[in-house]
Amino acid sequence: MEGVDLTFTDEALCAIAKKAASKKTGARGLRAIIEHCMLDVMFEIPSNATIKEIIITPEVITDSKPPVMVLHSQAMAGYHTSVKRPTS
């Protein structure tokens, strides 16, 4: 994920902590929650040089929504898009 900014909103960090606390998982639980929400983008980023930033919002944690993905061209125009997550 070199060259790509990763941003967690304050609300997302609270959602991660609440989810880990509810599962009583501790630090390993925090890591697992973060890895789960980023799984798709970790595979997409290396093959997509247009990605500038990934933003993790509370909906990514609580509702399994895709992270917000900001592309280099969109960052200049102020637009955001979302990573498409396959439905299961």
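Is R31 buried or exposed? In this predicted model, R31 counts as exposed, because its relative accessibility is 57%. That residue is a handy way into the structure, and the paragraphs below move from the overall layout to the charged pairs, a buried glutamate and the nonpolar surface.

The protein is built from 4 helices and 4 strands. Read from the N terminus, these elements follow the order β-α-α-β-α-β-α-β. The chain has 88 residues, of which 32% count as buried. Its exposed surface amounts to about 5900 Å², with carbon and sulfur atoms supplying 57% of that area. As for how the chain meets itself, 43% of the contacts between residues at least 6 apart in sequence join residues at least 24 apart.

Two charged pairs deserve a closer look, since the count of salt bridges comes to 2. One of them is formed by the side chains of E35 and R31, with an N to O distance of 2.9 Å. Both partners belong to helix α2, where they sit 4 residues apart, or about one turn of the helix. E35 has a relative accessibility of 37% and therefore counts as partly exposed, whereas its partner R31 is exposed.

The other pair is D5 with K52, whose side chains meet in a salt bridge at 3.6 Å, N to O. D5 lies in strand β1 (residues 5–8) and K52 in strand β2, so this bridge ties together parts of the chain that are 47 residues apart in sequence. D5 is partly exposed, with a relative accessible area of 39%. K52 also falls in the partly exposed class, because its relative accessibility is 28%.

Beside K52 in the sequence comes E53, which is likewise found in strand β2, spanning residues 51–56. What is the nearest side chain of opposite charge to E53, and how far away is it? It is K52, at 5.6 Å. A salt bridge requires a nitrogen-to-oxygen distance within 4 Å, and E53, although buried, has none. The side chain of E53 does have a polar partner, however: it makes a polar contact of 2.5 Å with the side chain of T7. Leaving aside residues up to four places away in sequence, E53 touches V4, D5, T7, V68, M69 and V70. D5 thus appears twice in this part of the model, as a residue touched by E53 and as the salt-bridge partner of K52.

Helix α2, which covers residues 26–44, also offers a view of nonpolar side chains. L39 has its place in this helix and is partly exposed, with a relative accessible area of 42%. Together with M42 and F43, L39 makes a nonpolar surface patch of about 310 Å². M38 is found in helix α2 as well, yet M38 counts as buried, because its relative accessibility is 5%. Between M38 and I56 there are 8.5 Å in space, C-alpha to C-alpha, and the two are 18 residues apart in sequence.

Taken together, helix α2 holds the E35 and R31 pair, the partly exposed L39 and the buried M38. Strand β2, for its part, holds K52, which is bridged to D5 of strand β1, and E53, which is in polar contact with T7.

Technical notes
Residues numbered from 1 in each chain as written. Predicted model: local features only at pLDDT ≥ 70, side-chain atom pairs only at ≥ 80, totals over all residues. Heavy atoms only, no water. Helix = DSSP H or I, 4+ residues; strand = E, 2+ residues; numbered from the N terminus. Buried < 20%, exposed > 50% of the residue type's maximum accessible area, 1.4 Å probe, protein only. Lys, Arg positive; Asp, Glu negative; His and termini not counted. Polar contact = N/O pair within 3.5 Å; in protein donor to acceptor, adjacent residues only side chain to side chain. Contact = heavy atoms within 4.5 Å. Patch = residues over 30% accessible without salt bridge, like charges linked within 9 Å, V, L, I, M, F, W, Y side chains within 5 Å. Areas by Shrake-Rupley, 256 points an atom, 1.4 Å probe, with all protein chains shown as cover.
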